[in-house]
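This report describes the fold of one protein and the side-chain contacts within it. Please keep the sequence and the model in view while reading.

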Amino acid sequence: MDIFFADPHEVPLPPEEVHIRELKAIPLDERRVRVYLEVDPFQKRPNADLLIQDEQGNSLASASIIESMQRKMEITMHLRGAKPGSVCTLQARLFFATLPPPGEGPDAPGDPGPIERLDAGQAQTTFTIP
């Protein structure tokens with residue numbers, strides 16, 4: 001099988017070498033924030049948890065990205081209870097999850113058993129709500 005990459009210098013990395021390259025939060029208005037997350041090229045699809053908090057630590061929005069096929073991700077997060085002019089923090093945690101092989105999990109249907117999680121890094125940035 002031939003694999004073609006957009007940039008031949010961007011070699012896909014194993015999970016333990018993948019990290020967050022860039023994290024940006026661009027407020028669109030008082031209720032929406034565009035989030036841009038870029039990670040290193042990867043061999044295994046990464047997961048990410050995103051959390052936006054206000055200055056008091058209250059959660060305004062959260063999102064999970066599961067097994068992304070793209071290394072450059074862009075989503076719009078909708079804020080709950082945000083006040084104009086407040087400074088908010090966006091946190092991103094990148095990780096890889098591995099399920100046990102079929103037949104080795106618990107007997108209960110739908111329960112995959114213990115999920116192995118490899119943390120690949122985290123980043124944060126701040127922004128002000130217009």
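The text below proceeds from the overall fold to the strands, the salt bridges and a few single residues.

The model is predicted, so local features are given only where pLDDT is at least 70 and side-chain atom pairs only at pLDDT 80 or more, while totals for chains, interfaces and linings use all residues. Residues are numbered from 1 along each chain as its sequence is written, and side-chain values use heavy atoms, with hydrogens and water left out.

**Overall fold**

The protein contains zero helices and seven strands. Helices (H or I, at least four residues) and strands (E, at least two) are DSSP runs, numbered from the N terminus. Read from the N terminus, the order of elements is β-β-β-β-β-β-β. Of the 130 residues, 34% count as buried; buried means under 20% relative accessible area, exposed over 50%, and partly exposed in between (1.4 Å probe, protein chains only). Among contacts (heavy atoms within 4.5 Å) with a separation of 6 or more, 64% join residues 24 or more positions apart.

**An open sheet**

Strands of a sheet pair through backbone hydrogen bonds, either parallel or antiparallel. Here, four strands form an open sheet in the order β4-β3-β6-β7, with antiparallel pairing. Two strands are said to pair if DSSP finds at least two bridges between them. The edge strands β4 and β7 (116–128) each pair on one side only. On average, neighbouring strands of this sheet are turned by 15° against each other, direction ignored; the axes are lines fitted to C-alpha atoms, for helices over the stretch in contact, and angles run from 0 to 180 degrees between N-to-C directions.

Strand β3 (residues 47–53) runs antiparallel to β4 and is joined to it by six bridges. One residue to look for is A48, whose bridge partner in β4 is I65.

**Salt bridges**

A salt bridge is a side-chain nitrogen of Lys or Arg within 4 Å of a carboxyl oxygen of Asp or Glu. The count by this rule is ten, and the table lists three of the pairs.

| Pair | Closest N to O distance |
|---|---|
| E10 and R21 | 3.1 Å |
| R71 and E10 | 3.1 Å |
| R34 and E74 | 3.2 Å |

In the pair of E10 and R21, E10 belongs to the segment before β1 (20–27) and R21 to strand β1, eleven residues apart. E10 is partly exposed at 22% relative accessibility, and R21 is partly exposed at 41%. In the pair of R71 and E10, R71 lies in the loop between β4 (59–65) and β5 (72–78), and 61 residues separate the partners.

R34 is in strand β2 (residues 32–39) and E74 is in strand β5, so their salt bridge ties together parts that are 40 residues apart in sequence. R34 has 30% relative accessibility and is therefore partly exposed. Shared partners join E10, R21, E38, D40 and R71 into one network of salt bridges.

**Rings and an unusual angle**

Where do charges sit over rings? K24 lies over the face of Y36, at 5.2 Å from the ring centre, and the charged end of R117 sits over the ring of F95, 3.7 Å from its centre. The rule requires NZ of Lys or CZ of Arg within 6 Å of the ring centre and within 35 degrees of the ring normal.

Finally, E67, in the loop between β4 and β5, has a positive phi near 45° although the residue is not glycine. With a relative accessible area of 42%, E67 is partly exposed.
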